[in-house]
Amino acid sequence: MITKVGIIKITDATECEKKAFILAAEEFEKEINNPKFWEELRMIYPQWLYNNNLNTAAFKRLFLSGRDKFETKDDFHIRINVTFYYSRKSVVGATYPSTWFTWVNRNIFKGFDVADIAGNQAHEYLHNLAFSHPGANKQSVPYQFGYLIRDRIKKRLKLSPETKVKVKRSFWSRIKRIFKG
Ligand SMILES: [Zn+2]
């Protein structure tokens, strides 16, 4: 059986942003339905699952089940509900326990390729499965899993391994930079 990733709703996005998000979801779906993905995950497992009392088999079952906080009334397992907004801060996005939505900062998103977006979709889905990361702990499950998704897609599609983050500096931080020389 295939685990389907579905875009349920994209709010306040341009057509271009929507297309990128849909393409990314397709790449995300390809990865999680590829046994090689789970094989690679199993190899890096000790570094990031050790403090979550999960083995990779149990984690895989949970991940593919789609038993997140969404109610199932459609054919998808993994559901994406996203709202775009604009901020000069270097925050990619956020979600909260009380909501189905994820917010994506289009200022950062502009620099993202399809692999970066897919990695972010995986990261946010893990929040919907109740995985968190105190502060922005890069060793946490949402970060490590998102990075693996991202890096495998970048490799497969021969995309630049870097993530271009476009952040327009605020007026005051630009002024400060001028005086720093
Ligand atoms: Zn997060």
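**Group meeting: a zinc site, a core and two strand pairings**

Hi everyone, let me start with one contact: the side chain of R79 reaches the backbone oxygen of H77 at 3.1 Å. I call that a polar contact, meaning a pair of N or O atoms within 3.5 Å; within protein, one must be able to donate a hydrogen and the other to accept it, and residues adjacent in sequence count only if both atoms are side-chain atoms.

Quick housekeeping. This is a predicted model, where local features need pLDDT of at least 70 and side-chain atom pairs count only at pLDDT 80 or more, while totals for chains, interfaces and linings use all residues. Residues are numbered from 1 along each chain as its sequence is written, and side-chain values use heavy atoms, leaving out hydrogens and water.

Back to R79, which lies in strand β2; helices (H or I, at least four residues) and strands (E, at least two) are DSSP runs, numbered from the N terminus. With a relative accessible area of 4%, R79 is buried. Buried means under 20% relative accessible area, exposed over 50%, and partly exposed in between, with a 1.4 Å probe and protein chains only. Seven of the eight residues of β2 are buried, so this strand is largely enclosed by the rest of the structure.

What does β2 pair with? Strands pair if DSSP finds at least two bridges between them. β1 and β2 run parallel, joined by six bridges, and K9 has N81 in β2 as its bridge partner. Four bridges join β2 to β4 (residues 102-105), also running parallel, with Y85 opposite N105 in β4.

Now the core. A nonpolar core is a set of buried Ala, Val, Leu, Ile, Met, Phe, Trp, Tyr and Cys residues joined through side-chain atoms within 4.5 Å. The largest one has 37 residues, and I32, F59, F63 and F145 have the most contacts inside it. Its largest share, seven residues, comes from α5.

For helix fans, the buried residues of α1 include F21, F28 and I32. Down the axis of α1, its buried residues fall within an arc of 165 degrees (taken from the directions from the helix axis to the C-beta atoms), so they line one face of the helix. The face turned away carries the exposed residues E15, C16 and K19.

Finally, the metal. Which residues hold the zinc ion? H123, H127 and H133 coordinate it, each through NE2, at 2.0 to 2.1 Å. Donors are N, O and S atoms within 2.8 Å of the metal (3.2 Å for Na, K and Ca); water is not among the atoms, so sites may look incomplete. The spacing along the chain is H-x3-H-x5-H, and H133 counts as buried at 17% relative accessibility.
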